[in-house]
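Biologist: Hi! Could you walk me through this model? I'm new to this, so plain words please.
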Amino acid sequence: MPKLPTPPIPPRFLPAPPRPGTQRGRPRTPVEKGLEAGKTVVDWVDERTSLSGAVRWTMFRKVPKGTNWFYTLGSATMFAFLNQAITGVFLAMYYRPDAAGGAYESVRHITNDVFLGQFVRGMHKWGSSVMVILVFLHMGRTFFFGAYKYPRELNWVIGVVLLILTMLMSFTGYLLPFDQRSYWATIVGVNINGTGPLVGPYLSDFLRGGPEFTATTLSRFYAIHMLLVPGLIIAMIGAHLYLVAKLGTSAPPWMRPKPEPELTEEAL
Amino acid sequence: MAPTRRPSKSKYTADRGIPGAFEGETVTRRRFMTGTAHGAGALMTMGIALPALAFAVGPIFKNVSLPWQPVGPPDIFPEDNYIPAIITIAPGIGEAGKSTVYIRKRNPRVDTTPPNQYNRWVAISTRCAHLGCPVRWVPAAERFICPCHGGVYDLQGMRVGGPPPRPLDRFYTRLNQDSGLVEVGRRYSVNSELRIFSPRDPGEPLDGLGQYAYPSRPSVRAL
């Protein structure tokens with residue numbers, strides 16, 4: 001198997017040439033020694049993990065000509081997910097999945113009593129809509145730029161799985177405030193799942209944890225929302241990003257390849 | 001036949017010159033060890049994964065039944081109008097586990113199904129047969145109306161408009177001789193000819209192929 005060329009290090013990350021009168025690599029004054037400390041730590045870790053190669057492989061990639069702002073939609077989606085993950089972890093510190101009224105009461109407590117609670121809950125609530133919108137914009141960019149074509153089909157498939165998981169997050173998260181809107185939206189949502197022939201009724205029973213909406217339903221949705229699906233999403237984002245780094249991004253469809261003049265058919 | 005790159009080996013370990021081979025032995029000790037280790041690992045993984053999976057899907061197979069619940073004395077229910085009553089369909093979660101049932105006395109001019117001890121009062125579920133929103137009885141219009149997607153039902157609970165695929169569900173009713181109160185029992189579903197089926201979820205038609213496409217579940221059965 002041919003060895004791929006080592007990705008280049010941008011000039012600004014290369015070590016500066018030594019100043020006149022100083023000896024290279026030998027800090028003398030305490031200030032210089034202090035400045036070297038970070039480098040020493042990084043070197044220590046890198047010597048034992050070889051992480052710098054992976055970092056260079058991921059970060060210092062070549063991107064095609066014509067790359068534009070539309071290419072940031074994927075990163076934007078990921079940052080929306082990170083926002084959901086961080087705010088979600090902190091909301092879980094106050095939330096109680098108690099169907100007998102405790103769930104609604106704990107959400108009311110977060111919104112009205114906890115310091116900055118309204119802000120964190122608002123970030124989570126509005127961030128979820130932002131994430132769904134960004135997922136679709138990212139999907140549209142990929143579709144209209146033809147970026148799903150060979151060799152990136154698998155990344156499209158993973159992206160569709162991520163879309164489904166995002167919708168599942170929206171569905172399960174909608175129940176958690178446990179107000180009238182949550183309750184009836186979940187009833188309707190579960191019953192829509194149930195309209196699938198043959199498997200639908202069993203799927204409904206699985207989602208509710210029984211034939212009726214009970215306390216089990218809420219804790220089930222909570223576990224799916226905060227443990228099961230986030231884990232799957234993180235794994236899928238990892239695979240998605242690995243393939244992006246491995247395959248590179250595609251050029252916009254309006255960019256045409258410009259062959260070297262000596263390689264054109266006329267010259268040959 | 002394509003030429004193989006390596007000469008085919010004998011299946012007997014003795015012929016392959018493996019030290020300490022027994023006669024007739026075909027599995028090397030290394031292969032046996034590998035297989036045993038993989039098999040033991042698979043068994044242990046299954047030992048953890050299968051109970052966890054069964055734990056998650058268990059409620060599908062668990063039958064849930066509710067007791068008979070009193071809703072009032074027999075003489076408060078008229079023949080041509082519904083009286084609402086509150087019953088508990090999911091115990092232990094307070095208000096969220098309660099549901100409204102509309103009850104009237106059986107009216108022989110309207111209810112043509114043969115009478116028995118469980119339909120002397122007609123108890124209609126408020127769960128819309130479309131997607132499960134709560135319908136309300138509007139006496140002036142003599143219609144059940146769903147607020148979500150516009151399902152409309154008549155006095156019998158039969159669909160007269162909107163998206164519902166079947167009539168409203170019903171409950172078995174009986175007269176408790178000891179207390180003298182009307183009681184509401186299990187829910188059941190009906191098709192457009194008021195034939196009785198095991199309780200189905202909303203959105204599942206029961207006419208024609210629907211009764212086979214949406215089978216009865218082990219978690220709820222009719223009486």
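Modeller: Happy to! Let's start with Ala123(B): leaving out residues up to four places away in sequence, Ala123(B) touches Val101(B), Ile103(B), Arg170(B), Phe171(B), Thr173(B) and Val184(B). Keep in mind that this is a predicted model.

Biologist: Okay, and which residues touch the most other members in the largest nonpolar core?
Modeller: Ala123(B) is one of them, together with Val71(B), Val101(B), Ile103(B) and Ile124(B). That core has 26 residues.

Biologist: Which elements give two or more residues to this core?
Modeller: They are five strands of chain B: E2 (83-88), E3 (98-105), E4 (121-125), E9 (170-176) and E10 (181-190). The largest share comes from E4(B), with 4 residues.

Biologist: Is there a general idea behind a core like that?
Modeller: Yes, in soluble globular proteins nonpolar side chains tend to be buried together.

Biologist: What does the second, separate core include?
Modeller: That one has 21 residues, including Ala103(A), Phe178(A) and Ile187(A) from chain A and Ala96(B) from chain B.

Biologist: Since both chains came up, how many residues does each chain bring to the contact?
Modeller: Chain A brings 27 residues and chain B brings 26. On the chain A side, the elements giving two or more residues are helices H7 (180-194), H8 (200-208) and H9 (215-247). H7(A) gives the most, with 7 residues.

Biologist: And how do the residues on that side of chain A divide?
Modeller: There are 15 nonpolar, 10 polar and 2 charged residues on the side of chain A that touches chain B.

Biologist: Let's switch to Tyr95(A). Where is its place in chain A?
Modeller: Tyr95(A) sits in the loop between helix H3 (73-91) and helix H4 (102-112) of chain A.

Biologist: Is Tyr95(A) buried or exposed?
Modeller: Tyr95(A) counts as buried because it has 20 C-beta neighbours inside 10 Å, and the cut-off for buried is 20 or more. Beyond its neighbours within four places in sequence, Tyr95(A) is in contact with Ser106(A), Val107(A), Ile110(A) and Leu176(A).

Biologist: How far apart in space are Tyr95(A) and Thr142(A)?
Modeller: They are 37 Å apart, C-alpha to C-alpha, with their positions 47 residues apart in sequence as the separation.

Biologist: Back to chain B. What does its secondary structure come to?
Modeller: Chain B has 2 helices and 11 strands. Along the sequence, the pattern opens with a helix, runs through the strands and ends with a helix.

Biologist: What is the radius of gyration of chain B?
Modeller: Chain B has 31 Å, while a compact globule of 223 residues would have a value near 17 Å. The C-alpha atoms of chain B fill a box of roughly 95 × 45 × 30 Å along the principal axes.

Biologist: Which domains does the assignment give for chain B?
Modeller: It gives domain 1 (11-60) and domain 2 (69-213). The centres of these two domains of chain B are 57 Å apart, taken over C-alpha atoms.

Biologist: One last topic: what is the order of the open sheet of 4 strands?
Modeller: The order is E5-E6-E7-E8 in chain B, with antiparallel pairing. E5(B) and E8(B) stand at the edges with a single partner strand each, so one side of each has no neighbour in the sheet.

Biologist: How many bridges join E5(B) to E6(B)?
Modeller: 3 bridges join these antiparallel strands. Trp137(B) stands opposite Phe144(B) in E6(B).

Note on methods
Residues numbered from 1 in each chain as written. Chains lettered and ligands numbered in written order. Predicted model: local features only at pLDDT ≥ 70, side-chain atom pairs only at ≥ 80, totals over all residues. Contact = placed C-beta atoms within 7 Å. Nonpolar A, V, L, I, M, F, W, Y, C, P; charged D, E, K, R; others polar. Core = buried A, V, L, I, M, F, W, Y, C linked by C-beta atoms within 7 Å. Buried ≥ 20, exposed ≤ 12 C-beta atoms within 10 Å, placed from the backbone. Rg over C-alpha atoms; globule rule 2.2 N^0.38 Å. Domains from an automatic or database assignment. Pairing = 2+ DSSP bridges.
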